[in-house]
Amino acid sequence: MDTVLGLSLTSTSVGWVLADGRDADGTILDHDDFGVRARGAAGAVDTSEQATAAVLNAQAAATGYDQRLHVIGVTWSDETAAEAAMLLESLNDAGFDNVVPIRLQQACDMLARGIAPIVGYDKTAVCVLDDRRVAV
């Protein structure tokens, strides 16, 4: 069986969700999020390193469910474009060749379409809040 990992990077946090199924159409198997500190802040760890470690943990979780990590979808806010580029490179360096960058608007659209039938509606809106803007 396959799983899909969704990874989201904002200026203040990284979140991920591991979903059952090649198209992420199944049960959520695991999820987590963590805050990030601004570059140069005392004790700050590189966000791309933290996120790559989280992906490795998610891959281990998938293996624990006898699942294979089929694809990793990564989305980010405009403010984190440079950090996202480093994250994509870090994931590639860690041996992940199944990473798909997804524009924030496209990720919101996919989420809305995916949850609409679950909540019993034909259409659903998604509102994403970040420190500086709202994406709907």
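The following exchange goes through the sheet, one crossover and a few surface residues of a predicted model.

User: What makes residues and atoms count in this model?
Analyst: This is a predicted model, in which local features need pLDDT of at least 70, side-chain atom pairs count only at pLDDT 80 or more, and totals for chains, interfaces and linings use all residues. Residues are numbered from 1 along each chain as its sequence is written, and side-chain values use heavy atoms, with hydrogens and water left out.

User: How do you know that strand 1 and strand 4 pair?
Analyst: Two strands pair if DSSP finds at least two bridges between them. Strands are DSSP runs of E with at least two residues, and helices are runs of H or I with at least four, numbered from the N terminus. Eight bridges join strand 1 (residues 2-9) to strand 4, and the two run parallel. Leu9, for example, has Trp76 in strand 4 as its bridge partner.

User: Which direction do strand 2 and strand 3 take, parallel or antiparallel?
Analyst: They run antiparallel, with seven bridges between strand 2 (residues 13-20) and strand 3. Val17 stands opposite His31 in strand 3.

User: What is the strand order in the sheet, and why are strand 3 and strand 5 at its edges?
Analyst: The sheet is open, has five strands in the order 3-2-1-4-5, and its pairing is mixed. Strand 3 (28-35) and strand 5 each have a single partner strand, so one side of each is left without a neighbour in the sheet.

User: What joins strand 4 to strand 5?
Analyst: Three bridges join strand 4 to strand 5 (residues 99-101), and these strands run parallel. Val74 has Pro101 in strand 5 as its bridge partner. The chain passes from strand 4 through helix 2 (residues 81-93) to strand 5 in a right-handed β-α-β crossover; right-handed means that, with the strands pointing away from the viewer, the path from the first strand over the helix to the second runs clockwise.

User: Why is Tyr121 called exposed?
Analyst: Exposed means over 50% relative accessible area, buried under 20%, and partly exposed in between (1.4 Å probe, protein chains only). Tyr121 has 56% relative accessibility, so Tyr121 counts as exposed. Tyr121 is in the loop between helix 3 (104-119) and strand 6 (128-129).

User: Where is Asp66, and is Asp66 buried or exposed?
Analyst: Asp66 lies in the loop between helix 1 (47-64) and strand 4 (68-76). Its relative accessible area is 67%, and Asp66 is therefore exposed. Phi of Asp66 is near 55 degrees, a positive value in a residue other than glycine.
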